[in-house]
Amino acid sequence: MSAIKCSLLLSFVTAALLAYWLQDTFRTESLSGARVLLTGASTGIGEEMAYHYCRFGAEVILTARTEDLLDKVTEKCRQLGAKKVHYIPADMSKPEDPVKVVEFALEKLGGLDYLVLNHIGGSPYKMWNGDVEHMKWLMQVSFCLIF
């Protein structure tokens, strides 16, 4: 067998094995009834994640800074067949708001199975100007645990 044929055969076998080992085993049914807290849920990626979780049958708490947008997302989630969906406006960059949001989620859902942190602080969309402190503030994530 020539070197080219041998190389092609080896490449094919490697690709086939990778395809087999890396196949997606996620089952959407696993989210049915799951209790999810999703931050940054009023627009963009967070909004789309909210719709997907609701389509999959999850019980969802949504949070973001803008109540009007949260209300619209929540209404669409209900139209998509959400089992439970609630929202609470909050600014996750304020130290007291993450605690308030988690307490709300525990009250409405009785616990949490998934915490999806998708929030970011307000920032003008422009090229980075070297402001390291602003970047640290944007990337800061507030974690809180309530026992």
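**Notebook: cysteines, salt bridges and surface patches**

I began with C54, which is buried at a relative accessible area of 1% (buried means under 20% relative accessible area, exposed over 50% and partly exposed in between, with a 1.4 Å probe and protein chains only). The model I am reading is predicted, with local features needing pLDDT of at least 70 and side-chain atom pairs counted only at pLDDT 80 or more, while totals for chains, interfaces and linings use all residues. Residues are numbered from 1 along each chain as its sequence is written, and side-chain values use heavy atoms, with hydrogens and water left out.

**Cysteines**

How many disulfides does the structure hold? I found zero disulfides, a disulfide being a pair of cysteine sulfur atoms within 2.5 Å. C54 is in no disulfide, and the nearest cysteine sulfur, that of C77, lies 3.5 Å away. Read from the other side, the sulfur of C77 has its closest cysteine sulfur in C54, and the 3.5 Å between them is too far for a bond. I also checked the cover over C77, which is buried with a relative accessible area of 0%.

**Salt bridges**

I next went through the charged pairs and noted three salt bridges, each one a side-chain nitrogen of Lys or Arg within 4 Å of a carboxyl oxygen of Asp or Glu.

The entry for R27 pairs this residue with E29, the closest N and O atoms being 3.6 Å apart, and I recorded both R27 and E29 as exposed.

Which parts of the chain does the pair R35 and D113 link? The two side chains meet in a salt bridge at 3.2 Å, N to O, and this pair links distant parts of the chain, R35 standing in strand β1 (residues 35-39) and D113 in the loop between α4 (97-109) and β4 (114-116), 78 residues apart. Helices (H or I, at least four residues) and strands (E, at least two) are DSSP runs, numbered from the N terminus. R35 is partly exposed with a relative accessible area of 23%, and D113 is partly exposed at 43% relative accessibility.

For K100 and D97 I noted a salt bridge of 3.7 Å, N to O, between two residues of helix α4 that lie three residues apart, about one turn of the helix. Here K100 counts as partly exposed at 37% relative accessibility, whereas D97 counts as buried at 8%.

While in helix α4 I also looked up P98, which is found in that helix and is buried with a relative accessible area of 2%. The C-alpha atoms of P98 and T63 are separated by 9.9 Å, with their positions 35 residues apart along the chain.

**Surface patches**

I then turned to patches, which are made of residues with over 30% relative accessible area and no salt bridge, like charges being joined within 9 Å and nonpolar side chains (Val, Leu, Ile, Met, Phe, Trp, Tyr) within 5 Å. E67, D68, D71 and E75 gather in a patch of negative charge on the surface. Of this patch I looked up E67, which is found in helix α3 (residues 67-79) and is partly exposed with a relative accessible area of 41%.

Which residues make the nonpolar surface patch of about 900 Å²? I listed L9, F12, V13, L17, L18, Y20, W21 and L22. W21 has its place in helix α1 (residues 3-21) and counts as exposed at 58% relative accessibility.

Notes
Accessible areas come from the Shrake-Rupley method with a 1.4 Å probe; for residues, only the protein chains shown count as cover. Lys and Arg count as positive and Asp and Glu as negative; His and the chain ends are not counted. The place of a charge is taken as NZ of Lys, CZ of Arg, CG of Asp or CD of Glu.
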